[in-house]
Amino acid sequence: MEAERRGRTDGLGSVIRRHRRWAPVVVLVLLCAIIAMVNPRFIDPFNLVRLLNAAAIPTVLVMGATFVILMGSIDLSVEGVLAVSAVLASAMVANNFTSADFGLWAVPAGILLGLAIGGVNGVAHVTLRIPSFMTTLGIGFVAVGVATAILQGDTVRISDKGFRALSLERILGIPAGVWIAVAAVLVALFIQERTRMGRWLYAIGGDEATARQAGVPIERTRVMAFAVAGAFSGLAGVMAAAQLGQGHALMGQGRLFVTITAVVVGGTALSGGVGSVLNSVVGVLIVVVLFNGMVLMGLPPFAQQGVQGLLIIAAVAMALDRSRLSFVK
Amino acid sequence: MPAKWKTELVRFIPLITLLGLVALVATIEPSFVRFSTLTVLVSDTMTLFLMASGATFVILMGGIDLSVQAVASMTSVVVAALLPELGVLAVPVAVAAGLIAGAAGGISHTLLRIPSFISTLAVSGVVTTAAFLFSNERSINISGETRDAHLAWMVGEFAGVQAEIWVGLILLLVLLFVQIWTPIGRFCRIIGAGEQAAIASGIRVDRIKVYAFMLSGATAGFAGVMMAARLGSGSPTLANEFLLPSIAAIIVGGTALTGGVGSVWRTFIGALIIAVVRIGMTFVGVSVFAQQIVFGLVLVLAVAVTIDRSKILIVK
Amino acid sequence: MQRKKSPIYQLDRRQFLTRSAGFASMAAMASALPRDVLAQAADYTLAISMRSVANPYHATFTKGGEDFADFIGAKFATLVTEGNSEKGIADIRALLARTNGKLILNVDPNDSPDARVIVEDVANAGGFVVTQWNKPADLHPWDFDPHYVAHMSFDGVPSGQRVTQALIDGMGGEGGIVALGGILSNVPAIERRQGLELAIAENPGVELLDFQAADWNETKAFDITQAWITRFGRDVKGVWAANDGMAIGALEALRQEGLAGTVPVTGIDGIDAAIQAVRDGEMAGTVAWDPTWTGGMGLSIAYHSAIGEINIADEPQGHREFYGTGILITADTVGSLGAAEPENFLDFWGKATGQIQYRG
Amino acid sequence: MSRAVSAVLEVSHATKSFPGVVALDDVTFEVRANEVVGLIGENGAGKSTLLKVLTGVYPLDEGEVLVNGESARLRGPRDAFDHGVAMVFQEQSVLITLSVAENIFLGREAEFTRGGVLLKAKMHAAARVELQKVRLDVDPATSCADLTFAQRQMVEIAKALSLDSRIDGDIVVLLDEPTSVLEAKEIELLFEIVRDLRDRAAFIFISHRLDEVLAVSDRVYVMRDGAIVGEMASADATTEKMHELMVGRALQHEYYRENRQGEPGEEIALSVSGLAAAGFTDVSLALRKGEILGIAGVVGSGREDLARALAGLAPISAGEVSVNGRPVRLTSPSDAVGAGIGYVPRERKVEGIVAGASVVENMTMASIDDFISLGIIRHGRERKVAQSWIDRLRIRTPSTETMVGSLSGGNQQKMVLSKWQIAGSSIMVLDHPTRGVDVGAKEDVYELIRDMTDQGLSIILLGDTLEELIGLSHKILVMRDGRITATFDAPVGAKPEQIELITHMV
């Protein structure tokens, strides 16, 4: 009787729910199909590689952002951390600004700097009990400010070919940056699925009070999540420096809203508890394909923001799994 | 009753913080507290307050409105373009345009059940495109005569005080009235505190939400009009870099991003706190390279002080 | 058109902006100043206002202003708008209040409408102001004598046109161009685009394949350029960008495809990275402004008006609204770039290249 | 002092004060090995505080907690857990964002971690063992969002019992109102499980349902005003006796105010015909003016779904509803409110009250239009009406401006009832109106329900217990599998027996 009753009331619902998980992918495929119909060059393998390349840095950024958003928090320091890490990395390799030449040591250094700033975000957030929105906004200002103060308006130009190879080198025809992004996704997926911290993020996002009662170290997990998010932003900074061959205080401009949009379009709820880094990868691809597609389809510049807005509403409306959310904020 | 005193004190912490910051700047640079300096500062802050004022209701509901900047830019274009033809009537038209943009964000949020963060972000893209179309991708000048004829009431002087301040204060009173004496104001807070109970009590929550976004759009639109009046021109990028400061003003005032706790007067104070910190740095002569760093730190500390934690259990 | 000289020089003088324009001979020049000039310096605060110290152009602009302030021994302040017009204006008002109007301001307004408000405020407070780049067409210095001293700008149309010609020359005179614009409604973005279109009209073998706004953002420029490579493939013979930041973004996108150096790129502004790229043969050209000069000379003219050295109201309109010198840098001329000569802050209009034109 | 050697958990001379209240006053309490101890008391009697002391949430002002005879300083639920004390929370604390296995081992993932890597297979295997204990047959990888409420409660209990295989000594499981979301069959299962596990664990069982406490416990403690006022073997106890100790006065014979059960009027207030929605089909009923219509049924019988459909909270797919003879469309709660239907929800804290709003704001929430003239909320009028209801229902609140979240459950519920009366609802759908309400306040609620019918209000009641349902109703419908299976008249003196209903329920 139990099975019978459940079968009748939830059967259809659970089937839809099971398939709903794939909604972001459906949106992505649909979008690709439409663009390919307008301009068949879209599915040219070289363009697909370009799309992956364009998605590389945003992908690394959303890994960290997803963790933070899974907790129901938000990280607005993405642009600042990216910039300051890019500046550090570019100043550590052969460049025109410093006499340093530490080669690829710049990579761990950039990541560690991001980790440290992320850690500051987390510590300020949990010890002062300030909403993450405000903490990360403030710390983001500080990060850009520090980069500005160090450079005084200058740009660090990178002359280190080995470092540039992080973006320019191709392995199996695919740029190194994409491989780094793939590695970042695997690391993030591992953290999400196979570490305690990953599971605790879902617990905290689901119900912090309950998680606390169960002995989940809320504060430590929060600090760690922000630190890890910072590390990913730091890595993204290093990648941006390698890609653009320079480092300056405004490197991060325009990255923040793309990152959050991608996370949400991918189906991770801003209220926390629901989502995955894989969702966010799909989200990044949707956003990147959308941007690429608008240029490919020859949309006039003034119309792009509007079309992008409408399509994002459509994508989120289709992709977001709202079955578990009784209301939406 | 000491407990009651304490709660009363907690209510006024944003104001105390503001006065403390003013005192701090004044000890270093006493000319800061001259009447003329302070009125200039307050009048310069009114556009920020206008922009944040309606958005406070959205945040009280637990939502967020990221379209205020785009809406203000768009209405600056609308008012600048229509002023020569319509005269002062261009102002309500521009505010109405803002209201419609707000409604678009609110309706897509409630009807499609997508987070307001995304719906308003998307609407801001659409609004920007509309502004580009309407303005033919140019800024539109408001001639001096037109401005004097139709917008002097916003940017002139009255009783020795800048008109902006009067406009801001009147709007503050109007919105406080809305907040306390009308169902929209009350239910915004109630929705933020317990949306499901509000639904079960028969409150048309979606309608209230759309109203709140419309209010936010309208005040952002009004902010755009004031900017156009102050600057004598409208441009599709006029209000750039206003979004984060306006949200910061709301939060620094002590309104909780999670909804249910806060007030428009707090946003008024919050906007002034932001202005005092920013302008105070210029006044004291903090190096331009250090300003952003100091601003970021003060912002974090100010929120740490002003936020009313008594009603917030979990900080996200 | 009644321009006396061409606004663009083919680098006929070895003067150029770099960050640290040396001021070795400053002391010598200072001794040449009348004593009372120096005596009054202490009364005035000199200030520069611009968008952000985080970009090279404005950092150099600020440096020029600071150099002049040091030169006369005056107090100096830097204000930034952070892209927010209201913040920029509020800062200026705060400084006017603090200095009781004893302010000499060289301002690059965040947006052209800001200029009117700033000028009115400074004039009311009794200060002196020079504006850069952005102002409404119907706002003129002579309407606010003597407080609105001058407006300085660089003409984006001929610059855009000349640099486009350099690009077309680099392409071998024909083929498709794709173009990256700034924020659509920005005045410099509009002027530079007009220049682009003029040059293309003069070259029948050249076609504008697409124009996109990358909003002055190098990352956006990177992504758009990649999409263009897909859309137009080898038809893209040249990439035009309305500033050097976007040009660098486009160049790096080309580099990803192995096209850097093959497909020429041009920018405008003359930042170090772009000059290096011209030197390396990857960019076909850029236009260098002269921010050290605009930063310092703006203050100098205003200061000397304030202390009565110049009677600004009597100066011709060509001395009140004038263009500075934009220098086209191409592979041919980049080799002759040397260290900057010290700026002569007493040669007020030496580098001016004509009165500002208003095009419908 | 002498102390039973076999005590696994005890509290000795515990005192805990909060500003203005002594929450625990010299409490001495012990649980012996293999024992089920009942703990009863009205809300505010100190049960929750005692539990929080036992789980280390609150430190004691005086006295101590002893685990296995040794003084222990518990630093929180997690620390208590490591000492062998596990708690099943009253509020659903299963996280629907996690899987079953992850919920069971939340906070203890370290056991399944090697070198920082979480071994999921191992965790799932261990979870299966725990699930077997509570006889729940679900895949450990299932998301808890896909479970029913009762299943979630079982996961919660499995989580507590998982301590069993992890601690060498005896364990103590604190069951705080575990039965409130369970139906009879599941409660019986729970009791079986408790009995089965007694050789490994001791239990502290807390419930408002005194008969349940008596059924499962060996010994019962009664608390009142922060002190233990009675301790007795279950064999010697009766519900009347316990009740008397709890409230400090004798239980009135007429608990459900049956003497006040009047004759309902002839007019039909609510008529439902052929109604269908998710969870039920073809439901027809007629509710007369002044009548209490009880609906009995197990979880999933469709009675909750029916209640929610009538409240406009669930979409109706077929059938008609008329109020006072006029057909109404119930597409949203506001339609229902407009038709004069008020809903007192099961989840009071979620759907009943807005904890962060004031008493007056909550009270007028459903009828704000009545307090508006010229678009302005008349605060004075609102406050006056609210105050009159506070006086009438004896709602204990410092003022009309107090935050509702700070009131006790009973006072909150009275406030919810007053909300609908202020809104002038003529029909009330009461979904477990006495859930989480202490005994004294329960009587107030019953009194209030009778008052409402006297005034001509009609009530649909989904009782917290069958006893309550029978005691209060004029007429009872029984639902099973989404359909009405039986109808009983329940006049005073001729009330149906519980067993009669149960045969139609399962």
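Trainee: In what order do the 6 strands of the open sheet in chain C run?

Mentor: Keep in mind that this is a predicted model. As a general idea, strands of a sheet pair through backbone hydrogen bonds, either parallel or antiparallel. Here the order is β3-β2-β4-β5-β6-β12 in chain C, and the pairing is parallel.

Trainee: Which strands stand at the edges?

Mentor: Those are β3 (75-80) and β12 (321-323) of chain C. Each has a single partner strand, so one side of each is left without a neighbour in the sheet. As for twist, neighbouring strands of this sheet are turned by 15° against each other on average, ignoring direction.

Trainee: Let's zoom in on one pair. How many bridges link β4 and β5 of chain C?

Mentor: There are 4 bridges, in the parallel sense, between β4 (residues 103-107) and β5 (residues 128-132) of chain C. To find one by eye, go to C:V107, whose bridge partner in β5(C) is C:T131.

Trainee: And which strands does helix α3 of chain C lie across?

Mentor: Helix α3 (residues 56-72) of chain C lies across β2 (45-50), β3 and β4 of that chain, and runs at about 175° to β2(C). Then look for helix α11 (residues 291-306) of chain C, which lies across β2, β4, β5 and β6 (148-153). Its angle to β5(C) is about 155°.

Trainee: On to the other chains. How do I read a helix pair?

Mentor: Two packed helices are described by the angle between their axes and the distance between the axes. Try helix α6 (residues 132-151) of chain A with helix α14 (residues 288-306) of chain B: the axes come within 7 Å and cross at roughly 165°.

Trainee: Are α6(A) and α14(B) roughly parallel or antiparallel?

Mentor: An angle over 145 degrees counts as roughly antiparallel, and α6(A) and α14(B) are therefore roughly antiparallel to each other. Their crossing is left-handed. By class, the contact has 16 nonpolar, 6 polar and no charged residues. Among the residues that meet are A:M134, A:L137 and A:F141 in α6(A), and B:F289, B:I293 and B:L297 in α14(B).

Trainee: Now the whole interface: how many residues of chain B are in contact with chain A?

Mentor: It's 45 residues of chain B with 45 residues of chain A. On the chain B side, α6 (116-135), α10 (183-200), α12 (243-252) and α14 each supply at least two residues.

Trainee: Which element gives the most to that side of chain B?

Mentor: That's α6(B), with 15 residues. The side of chain B that touches chain A divides into 28 nonpolar, 12 polar and 5 charged residues.

Definitions and conventions:
Residues are numbered from 1 along each chain as its sequence is written. Chains are lettered from A and ligands numbered from 1 in the order in which they are written. This is a predicted model: local features need pLDDT of at least 70, side-chain atom pairs count only at pLDDT 80 or more; totals for chains, interfaces and linings use all residues. Axes are lines fitted to C-alpha atoms, for helices over the stretch in contact, and angles run from 0 to 180 degrees between N-to-C directions. Angles under 35 degrees count as roughly parallel, over 145 as roughly antiparallel, 65 to 115 as roughly perpendicular and the rest as oblique. A crossing is left-handed if the near helix is turned anticlockwise from the far one by less than a right angle, and right-handed if clockwise. Two residues are in contact if their C-beta atoms, placed from the backbone, lie within 7 Å. Ala, Val, Leu, Ile, Met, Phe, Trp, Tyr, Cys and Pro count as nonpolar, Asp, Glu, Lys and Arg as charged, and the others, Gly among them, as polar. Two strands pair if DSSP finds at least two bridges between them.
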